[in-house]
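Work through the exercises below with the sequence and the structure in view. Each task is followed by its solution in steps.

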Amino acid sequence: MRLHHNKILSFIPKHLVYYPTSINLNYLWSFGSLTGIVYIIQILSGFICSLYYIPHIDYAFDSIDFLMREVKYGWFFRYTHSNGASIFFALIYLHIFRSIYRNIGTKLMCFSGFLIFFLVIIISFLGY
């Protein structure tokens, strides 16, 4: 039995096989989803790093030193989190510049995008 004749499973060919896409679809369209993936990695690595961080003036450096030297793969989580922040902002800039260059979206989308961008900047400064 074919999938498009089945009423329950007809969404599979409609949304996965015969989905209408733009003719100029290329890798530049993936910056938004890559930004989301890097954001999830940032949340996970930041949570793991926060488990070992002690926010006290006498113990903060020692807690980071403990994370880097004693925790198994702690160095990996810290470097993933610190380098992921740079990758995250690079992907945001590429996503914004692609949207500006292609003149994609309405004024409401541009306003909400820049609002999210400034909120991300504020949150990143709070992380330091």
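Helices (H or I, at least four residues) and strands (E, at least two) are DSSP runs, numbered from the N terminus. The structure is a predicted model, in which local features need pLDDT of at least 70, side-chain atom pairs count only at pLDDT 80 or more, and totals for chains, interfaces and linings use all residues. Residues are numbered from 1 along each chain as its sequence is written, and side-chain values use heavy atoms, with hydrogens and water left out.

**Exercise 1. Describe the secondary structure of the chain.**

Step 1. Count the elements: there are 5 helices and 0 strands.
Step 2. Read along the sequence: the pattern is α-α-α-α-α.

**Exercise 2. Find which residues form the largest nonpolar core, and which elements supply them.**

Step 1. Take the terms. Buried means under 20% relative accessible area, exposed over 50%, and partly exposed in between (1.4 Å probe, protein chains only). A nonpolar core is a set of buried Ala, Val, Leu, Ile, Met, Phe, Trp, Tyr and Cys residues joined through side-chain atoms within 4.5 Å.
Step 2. List the members: the largest core has 9 residues, namely F31, V38, F88, F89, L91, I92, I96, F117 and V120.
Step 3. Assign them to elements: α2 (31–52), α4 (74–102) and α5 (107–127) each give two or more residues to this core. Helix α4 gives the largest share, 5 residues.
Step 4. Look at one member. A contact means heavy atoms within 4.5 Å. Not counting residues up to four places away in sequence, L91 touches F31, L34, T35 and V38.
Step 5. Set this beside the whole chain: of its 128 residues, 20% are buried.

**Exercise 3. Locate the salt bridge and state how exposed R69 and D65 are.**

Step 1. Recall the principle: side chains of opposite charge can pair when their charged atoms come close.
Step 2. Apply the rule, a side-chain nitrogen of Lys or Arg within 4 Å of a carboxyl oxygen of Asp or Glu. The count comes to 1 salt bridge.
Step 3. Name the pair: R69 bridges to D65, and the closest N and O atoms are 2.6 Å apart.
Step 4. Place the pair: R69 and D65 both lie in helix α3, 4 residues apart, which is about one turn of the helix.
Step 5. Classify each residue. R69 counts as exposed because its relative accessibility is 65%. D65 has 29%, so D65 counts as partly exposed.

**Exercise 4. Follow the chain from M68 to Y73 and describe the surroundings of each.**

Step 1. Start with M68, which is in helix α3. Leaving aside neighbours within four places in sequence, M68 is in contact with W75, R78 and Y79.
Step 2. Compare sequence and space: M68 and R78 are 10 residues apart in sequence, and their C-alpha atoms are 7.5 Å apart.
Step 3. Go on to Y73, in the loop between α3 (60–69) and α4. Phi of Y73 is near 60 degrees, a positive value in a residue other than glycine.
Step 4. Classify Y73: its relative accessible area is 49%, so Y73 is partly exposed.

**Exercise 5. Count the disulfides and classify C49 and C110 as buried or partly exposed.**

Step 1. Use the cut-off: a disulfide is a pair of cysteine sulfur atoms within 2.5 Å. The structure holds 0 disulfides.
Step 2. C49 counts as buried because its relative accessibility is 13%.
Step 3. C110 has a relative accessible area of 37%, so C110 is partly exposed.
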